[in-house]
Amino acid sequence: MGDDPEYAAPASKSGFEIAILCALPKEREAVLLLLDDLWDGKGSNRHRYARAKGDHNIYTHGRIGRFHVVIVLLITMGKVPAAGAAAAIRLGYPNISLALIVGICAGVPFPKKRQEIILGDVVISNILIHRDFGRQYSNDFKAKNEAEDVYGRPNQDIRGLLKSLEGHNCREVAEQAAEYLRQLQKKNDTDPKRETGKYKYPGVNKDKLFGDAYEHKHHNPTLDCGCCTQGSICEGSREIECDELGCDDNWLVPRQRLTRHRAQGLFPLPQIHIGRMGSGDSVIRSAQHRNALAVEGVIGIEMEGAGAWDELPSIVIKGVCDYADSHKSKMWQDYAAATAASVAKAVLDEYPGSGRVSGDAHGPQEAMNPLGDSARHQEMQQMPEKDQQYLKDLRTTNPRHDKTHIEQTKGGHYRVKFSLQGMPTSNKFVPRPSDITDIEKSLLPYHRKTQGCNVFVLHGLGGIGKTQLAVNFARHYQAAFSAIFWLDGTSEDSLKQSFAICAKRIPQGQIPENIRSPKTGDKVDLNDIVEHVQEWLAKDDNVDWLLIFDNVDLDHTQGEIPGAYDIRKYYLRSDHGAVLITSRLSKLAQLGESKRIKRADLDLSKKIFEKWYRKELMMDDDAQKLLRLLEGLPLALAQAAAYMEELNLDVASYIRLYEQQWGKLFQNTDSSLLDYGNRSVSTTWTISFNAIETRDKNAGNLLRLWAFLDNREMWHSLLQVARNDQEQWLWPKWLRDIACNDVEFLNIATLLLRYSMIEARESEQSNYTMHPVVHRWISHIQDDAGKKVFLRLAVMLIGFSVPDDTTKNY
């Protein structure tokens, strides 16, 4: 292998034109068996194509036919890992013209106006539908069904390739794929280190499609678990094969292709089906949901295509291993992975290539540094002595001296006085040196790149401490930047409002005065304010500012989500400066350098807990158990400690409450709440909420009402409309009690602050904010009747607060 000089290993990553993405090791293993050359050998050549720092995907390099290919094993399944891998490929392998997402999928057995699909067939995408993207109606979810509306059409090369696979040529490609499948099976079976027969066709009688209404559960009376006969399905049955469960073959749906081959005593060759592929994050085990997608023309269902589509020119090629019903089985996965890999190789035979890769004579170092060290030395010797000294100084200056000089002299004309306005500061913050160090190395001016805007993304679970890390960085290094602007990224509207606040802080005369400080009555478009602030940031000599976008948690790529936006348009105009982003969206890590904030270790958890507990936590068995239960989530630690400190509870008592609450919470919590991550957070919030409501029923009611108002602001004046004596019949007594009594409102706010359910806004007195996850959680813990009551009150509060045409000075 590799003796033909025409197919020598590329000297650098620029020599690769094809990428193959696999989500599972078994998918990658099947592809590797079809390589014509493997470029990742042993010894010094094993890592010749090094991964970028922070890239955790697994890469294999080789050749398939005429193409050098990079095969990528994702860190896990789903569109987000696929998007991350695709972005890494796009940056690291500049000449990739085609990405194949190869592996296994679920198939629609009877597509509309198409030949039936059986297990082992291969689905190729010509349109990709994001099955999690669309509109949710009261009784139905309607997926948006045009890929060009979501991701854009496949490029011209891919459209041409797909066109070449239609009609008679598709049969020829299928025949060639069948030959590659035989080669794969032979290569596997003749290798003594491999499992013989692993990729063998499982058998016609093992391809079972049950009627849509026939559920996969215990049917054999001797195996009955006690709940499958009561209208529900036990978890244990989901992992057991149909034969063991006693699924009745009388419910099997007959298929013509299988019947024909069964009669002939032959096994069917895999067929290729080109059509709409449904892509999303969830595994479907429901015939009804599968059929709903089939109505939209979907013929295959998978989980990675939606992630890679936006980043690379992509085609999804996947072998059918199940029918997306409750009778899913892993029996067919290896064979389906093999058929997909075989079809992928046959498809590459048809691909003409882009012409991007015409040779790669220089290795990576030569390509990046065409001028050798000797030549650079000679060039330097010819410079004037003064210039030589400047160059030496650039290499030898002390970073600490640079920092001092920057902090003392920088800023000048563009310096903006540091302000905590808008920052959710906390006096109980516990430093996290390792996390701060990564931000320092990326964003501080004396670590800056030679050009471009430095971007660093803090991402992770809500409540993990991203915002407080950003605040601490800004406060600690305020002198290192000429200006620091804190931007509320929770929605596009809040972001624009933050830009308007920033505009007020820009020195007078540097932007139009009607933009910087509009007078009462001036009609100024927020978009104009944003435009002028961005122009100010983009000035060539204004290079040392820092923008902090906090809580950018809405994914604009996932459809019509109110308030979602593309953050890049708010900073990409500038080719300098620094940007720090906090987000729960891991995909934003693609925007620059990044760090996923992990849960605190035992020592840090203890320190966080003690800050709020206000005394030392003795590390006995109970204390260690409690810290393990709270799993290092700063928000959970703070809430638990505040609760214990307020009621003077010991650790053992709190653990008992925690464990008693958990069973009930686990059974009744809506599954969507788990998307926020750590369950111990929800448990802690339940305990705190119950304690608050026990102490003050009005406080619990105010939280329930707040769940239907903006989480970012709550102030007493918002409730003033409930004080109207002429309309008092409209409002419940508890709300009027709060609205008519400033002290009552402040007492409730104090109680909520103690349990960390809300935070005080630093910039405004008697104004409070609630964490968006808490806000969402409170709305979910209410029953339907309660939701209607508090939603109606919220609408009335807002509605009655809007002035009529005769109101002045509003």
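This report walks through the aromatic ring pairs of a predicted model, and then turns to two lysines that sit over rings.

A good place to start is the overall tally: the model holds 19 aromatic pairs. Let us look at one of them, F16 with Y93. Their ring centres are 5.9 Å apart and the planes meet at 85°; planes over 60 degrees apart count as edge-to-face, so this pair is edge-to-face. F16 sits in the segment before β1 (18–22), while Y93 belongs to the loop between α2 (79–92) and β5 (98–107), so the contact links distant parts of the chain, 77 residues apart. Both F16 and Y93 are buried. These two residues also belong to a wider group, as ring pairs join F16, Y49, Y59 and Y93 into a cluster.

Another pair to look up in the structure is Y201 with W332. Here the centres lie 5.2 Å apart with the planes at 75°, so this pair too is edge-to-face. Y201 is found in the loop between α5 (168–189) and α6 (242–245), and W332 in the loop between β11 (314–322) and α10 (333–350), so the pair ties together parts 131 residues apart in sequence. Y201 is buried, with a relative accessible area of 9%, and W332 is buried as well, at 2%.

Finally, here are the lysines placed over ring faces.

| Lysine | Ring | Distance from ring centre |
|---|---|---|
| K345 | Y180 | 4.8 Å |
| K428 | W612 | 4.7 Å |

In the model, then, K345 lies over the face of Y180, and K428 lies over the face of W612.

Notes
Residues are numbered from 1 along each chain as its sequence is written. This is a predicted model: local features need pLDDT of at least 70, side-chain atom pairs count only at pLDDT 80 or more; totals for chains, interfaces and linings use all residues. Side-chain values use heavy atoms; hydrogens and water are left out. Rings of Phe, Tyr and Trp (its six-membered ring) pair if their centres lie within 6.5 Å; planes under 30 degrees apart count as stacked, over 60 as edge-to-face and the rest as tilted. Helices (H or I, at least four residues) and strands (E, at least two) are DSSP runs, numbered from the N terminus. Buried means under 20% relative accessible area, exposed over 50%, partly exposed in between (1.4 Å probe, protein chains only). A charge sits over a ring if NZ of Lys or CZ of Arg is within 6 Å of the ring centre and within 35 degrees of the ring normal.
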